[in-house]
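Student: I should like to go through this model with you, starting with its interior. Could you set out the terms before we begin?

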Amino acid sequence: EAVYLSSMGKSFRNAKPRELLRFGATRGYVKILLKKQNVTHTVTIDIRSNTRKIQVDGCYVKRISSLLRLISVVSFFPDDLYIIKGSPEYRRKFLDRFITNFQPEFVEAFIAYRRILNSRNRLLRSASRNISDLLSVYNEQLVKYGTVIHRYRLSGVKALLPYVSTFFCDVIPDGEEIDIKVNSGVPKNNGENFEDSFRRALVEMYPKDRLYKVTTVGPHRADLTFLLNGKDMRLFASQGQQRAMVLILKLAEALFLAKRSGCSPILLLDDISSELDVKHNRILFSYLTEIGSQLWITTTEKIFEKELKELEVLKVVSGCLVPNNC
């Protein structure tokens, strides 16, 4: 979590600053030394109950995009299995985290969009009837930033798909075809671009939005569809195929980032031994060895000693890390 925090500026658990602190503490501190392309950098994070302040090489970071350009992280957590079979939120988070690693500008648009969306939803919940002028302003802002988000999501899937297809043929060599489609979260008329469709939908859906007091269309309602031979994997793929697909997505993400930046991302693998069988674990580590990433692995089982040649094992004892031979 400390490594992820130093890369993304937030916890993968979406925890608030106070939830990162030890019980009873009012302040915490994270420091990471990073060597990238033979240049050493220092990232420090000062965590208080309601704030976190980030410094890179002694300078405060005002935009998370500056941090993202420095450290790339690919994570594999047990909840990632819900990318295929879970709610749309899991699939959006996967795609957005992937894009964040190579398009830091996406983060700025995403933050602005969420801020405007929250303001619009508060307006929809208000008792006032004279909201049309302010609503029009919010609509245009949502269209502006939502169009950027949608464009980056399309380019993200386009960039990822060739790597997914390559790994898919290796992991599931049965001649089956894989595809990924982006559902924008906005109903689209023939001949209309996303920007015009979103602007029209916000106006047309206003009565429903006002009734439910929430914005019902937009990139925040987007989804991904993973297709196996043209059929939705969420509905028709076996559990083994779904797990293999998540593995493939993570491998594709890591390889893409390594080739794009010329620097392999850090891999964070949390308790995957309980989620992947022996076969898929071996496939995972054979490819990760080729990519050349630094791996951070948490596990309760000794399954990696044969797969990984250079391995340092640490134990957690009473909340502290100690060498395995102690």
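Tutor: A nonpolar core here is a set of buried Ala, Val, Leu, Ile, Met, Phe, Trp, Tyr and Cys residues joined through side-chain atoms within 4.5 Å. Please bear in mind that this is a predicted model.

Student: How many residues has the largest nonpolar core, and which have the most contacts inside it?

Tutor: The largest nonpolar core has 69 residues. Those with the most contacts inside it are V164, F198, F226, M245 and L249.

Student: Which helix gives the most to this core?

Tutor: Helix α6, residues 132-171, gives the most, with 15 residues.

Student: What is F198 in contact with, leaving aside its neighbours within four places in sequence?

Tutor: With those neighbours set aside, F198 is in contact with Y113, L142, V143, G146, V186, V217, G218 and P219.

Student: What lies apart from the largest core?

Tutor: Another core, of 22 residues, lies apart from it. Among its residues are Y4, I54, V56 and I266.

Student: Turning to the helices, at what angle do the axes of α4 and α6 cross?

Tutor: They cross at roughly 85°, and the axes come within 10 Å. α4 is therefore roughly perpendicular to α6.

Student: Which residues make that contact?

Tutor: From α4 there are R92, F94, L95, D96, F98, I99 and F102, and from α6 there are Y152, R153, G156, V157 and L160. The residues of this contact divide into eight nonpolar, one polar and three charged.

Student: And what about α4 with α10: where do they lie in the sequence, and at what angle do they cross?

Tutor: Helix α4 covers residues 88-102 and helix α10 covers residues 239-261; their axes come within 10 Å and cross at roughly 15°. Angles under 35 degrees count as roughly parallel, so α4 is roughly parallel to α10. The crossing of α4 past α10 is right-handed.

Student: Which residues are involved there?

Tutor: α4 contributes F94, F98, N101 and F102, while α10 contributes L249, K250, E253, F256, L257 and R260. By type, the residues of the contact of α4 with α10 are six nonpolar, one polar and three charged.

Student: A change of topic: where is T40 placed, and what does T40 touch?

Tutor: T40 is in strand β2, residues 39-48. Not counting residues up to four places away in sequence, T40 touches L34, K35 and D57.

Student: How far apart are T40 and D57?

Tutor: They are 17 residues apart in sequence and 9.1 Å apart in space, C-alpha to C-alpha.

Notes:
Residues numbered from 1 in each chain as written. Predicted model: local features only at pLDDT ≥ 70, side-chain atom pairs only at ≥ 80, totals over all residues. Heavy atoms only, no water. Axes fitted to C-alpha atoms, helices over the stretch in contact; angles between N-to-C directions. Helix = DSSP H or I, 4+ residues; strand = E, 2+ residues; numbered from the N terminus. Parallel < 35°, antiparallel > 145°, perpendicular 65-115°, else oblique. Left-handed = near helix turned anticlockwise from the far one by under 90°. Contact = heavy atoms within 4.5 Å. Nonpolar A, V, L, I, M, F, W, Y, C, P; charged D, E, K, R; others polar. Buried < 20%, exposed > 50% of the residue type's maximum accessible area, 1.4 Å probe, protein only.
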